[in-house]
Amino acid sequence: MNRVDDNIAFAEDGGQVCSHCGGVLAAVGEPHLHRALIRVGEVSLAGPHVRAADPPVVDEEVQFRQLLCPSCGTALLTEIAATADRDTRTASVTARTSRG
Amino acid sequence: MPVTPVPGSEKFSYRPTPAAQLREIAGEHVRLHTVDAAEVAAVDPLTYEVVRHRLESITHEMGEAIKRMSGSVIVTDCNDFNFAIMDEIGDEVEIGLYNTALCAAIDMAVKWTLEHRAANPGIKPGDMFLCNDPWVGGGLHQNDTALFAPLFVGDELFAWTGAVAHQIDLGGVSPGSWSVKSTDVFWESLPTPPVKIVEGGVLRSDIEDVWLRRSRMPALVGLDLRAKIGANHMAQERLNELVDRYGASTVKAVMRRILDNAEQRVRAKLAAIPDGEWSAVAYQDSAREGDETLYRIVCTLRKQGEGLHFDFTGTDPQADGLINCTHAGVRGGITPAVLTALCGDVPWAPAGVFRCIEITSEPGTINDCTFPAGISKGSVASAWATLNVVQECLGGMLDTHEDSRPNVTGVCLGSWDLALLAGLDQRGAPFVSMVGDAMAGGFGARSDLDGVDTGGMAGAPMGRIPDVEMTEFSYPMLYLWRREESDSGGPGRFRGGVGGSSCFVLHRSAAPAVHLVVSGGGKAIPQSSGISGGYPANTQLDLAIRGADVRAKLAAGHIATSLDEIVGQREVMPPHLETVLGEEDVYYMAWQGGGGYGDPLLRDPAAVAADLRAGKVTAGAAADVYGVVTWPGSGTVDADGTDERRRTLRADRLASATPRSERSPR
């Protein structure tokens, strides 16, 4: 099974599955990580090292975002991003079963 | 900033001219040495390797030469400079390992010079050209001043050598030429397109005076100029020796083969990686003092067959501020990332590597700005952010294949934390000093290793943090501490390298206060992003503590070693500010670590426990981000407790999440 990264692998049919639990992340023909869950919240969810600027230094709202495997909860993508932005980080990889 | 074409400025908005056309233009005025394919093929493998290694060692010698001659701490201690050996049309065959971003556009400046200076004033033996115009090339902002020299063999232009170094001050309204109030380039150091400052081996005093007159530190900049002249002289002496021994055609044939070899090996690597497309965004908070806008650089990397296409479509329009970079900055962001990710075992010959790369950037955007946008921070703002987003996309690409996966590196030190001091030093002399401590940023995590703690910056493999004692000797500063900061590395299955912090006071200045220029992003959004589920590194924090009790504590024999011990009025620094630092003030700066790789709940609990003991992470992060429970006292891992904690954290994540597919697109 080829993989996209540490957490995302290709199933035999070319769909995306979680490499840790095998949960389906995107069926064939669906967009990248279409079936992932998303968790959003305050930037402090990233840990004690990420502070909300006080006073604020930008006039836009920013948030913590995390895409999760719907089966095992593994973090597939973790970011701090502008709330207004969607799909800031995407990937589209050719599923290959052999090198070449 | 609206993009309005400025008549007369078009000449300087340069994109490299194709080689054949450039040879035709320059060839009318100067004879260019070249070799044909048969001569390249005729070089035997042993000669090739001997000459190739000699070329490489000459670039290293150039580094030693400039360090020995410069008097600027940013050069001698921080290694903020670099060198290149180029062929007759400016194609870079070898570059140094110092600040590789500085060599991203020196070829542009040489090519521009061939086009615009060959007829008038001419390119002759013994000439050297100075350039600090990032629209032409050379460096990424005005402080990066290039000095490059043609090398003639007989009556033919055989090659070029070039040196680029950060100059401590080249004028503009703010010390250090970091004009944080800049709304356009006229607030900043004057860009200087290539000018023949050395003619026939003689430094032209009239041009030198024009050059130095703009600086607050003319003696130091004059010394740096001579250091670069010396480095070019040294390189040309060595190249002449090489030509004398092996012949011009053989040396040139080796140079050609180096380029071909670099290209072929990079293409072979790319061919083994699945085709695909990766996108990411890099944010910057604020373009100048008083601005609270969030700026985006968007990158889509398309890998198809043996080629890479970096497409920056969607990047924000250029800003009324100092964060923009020119096309040189886009190249400055791509070059270091590609060299370190793909060329660990390939000659660092950018001209060969870049044959595999296509760039789409839009003039009028923050990473391809047009004249007269402000660019004085371009190198560490939009060029740096470009590097971040390129590194993130390359990491995604490399992660797809088992052979390339070990070369995945997360984003390193997401932004430069600048504190620039200027005033009178302890000897009563004027000084300008860029605090170079952020050179010890955290390196991004890899797919199989933690990032190097305080390992540096991705763009400068041989960058160095300046020695504290040398800093205190040179400038009126006294450090309370400089150290690694807990939790600053992005959490992940492999942790990003931690960054650090410095805390210092003004000490024995001949004046009661010094000028302080603050310029550092990553305060709203961490700029060291994670990869593959890894978390970003820390947000940056700069803080002045006014009227602090530190001196009273020192008099009583106590040195404060944490912010909690310092009493005074805390003033959080915005991303851009000009202010002063007085005798009773303390300045604290905490720069960023590297991004993490993979889910931190998958990190080996023993590694987290070790990090906890070493102070790399705090107990709070160990429990809440990594889900690791340790036994009180021994600090060893409580395996059952950790399993339970991680199950709880996963359940909490899922309980608070919603289907992604239900979100509406922007």
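## How chains A and B meet

The contact draws in 66 residues from chain B and 62 residues from chain A. Keep in mind that this is a predicted model. Putting the two chains together buries about 5,100 Å², and carbon and sulfur atoms account for 49% of that area.

What holds charges opposite each other here? The rule picks out six salt bridges across the interface of chain B and chain A. One to look up on screen is the pairing of the Glu60(A) and Arg296(B) side chains, a salt bridge at 2.8 Å, N to O. There are also 32 residue pairs in polar contact across this interface, both residues at pLDDT 80 or more.

On chain B, the elements giving two or more residues to the side that touches chain A are β8 (276-285), β9 (294-304), α12 (382-398), α17 (639-655) and β21 (658-659). Of these, β8(B) gives the most, with eight residues.

Now for the largest pocket, which has a volume of about 420 Å³. Its lining is made of 21 residues, and the closest to the pocket centre are Pro16(B), Asp91(B), Asp107(B), Arg331(B) and Phe354(B). At least two lining residues come from each of α5 (106-116), α10 (327-342), α11 (350-353) and β11 (357-360) of chain B.

Here is the residue make-up of both surfaces:

| Surface | Nonpolar | Polar | Charged |
|---|---|---|---|
| Side of chain B that touches chain A | 28 residues | 19 residues | 19 residues |
| Lining of the largest pocket | eleven residues | three residues | seven residues |

Terms used: Residues are numbered from 1 along each chain as its sequence is written. Chains are lettered from A and ligands numbered from 1 in the order in which they are written. This is a predicted model: local features need pLDDT of at least 70, side-chain atom pairs count only at pLDDT 80 or more; totals for chains, interfaces and linings use all residues. Side-chain values use heavy atoms; hydrogens and water are left out. On a 1 Å grid over the protein atoms alone, a cavity is a set of points where a 1.4 Å probe fits but cannot get out, and a pocket is an open set with protein on both sides within 12 Å along at least five of seven lines; lining residues have an atom within 4 Å of a point. Grid points are joined across faces, edges and corners, and a volume is the space filled by probe spheres set on the points. Helices (H or I, at least four residues) and strands (E, at least two) are DSSP runs, numbered from the N terminus. Ala, Val, Leu, Ile, Met, Phe, Trp, Tyr, Cys and Pro count as nonpolar, Asp, Glu, Lys and Arg as charged, and the others, Gly among them, as polar. Contact means heavy atoms within 4.5 Å. Buried area is the accessible area (1.4 Å probe) that two parts lose on being put together, summed over both. A salt bridge is a side-chain nitrogen of Lys or Arg within 4 Å of a carboxyl oxygen of Asp or Glu. A polar contact is a pair of N or O atoms within 3.5 Å; within protein, one must be able to donate a hydrogen and the other to accept it, and residues adjacent in sequence count only if both atoms are side-chain atoms.
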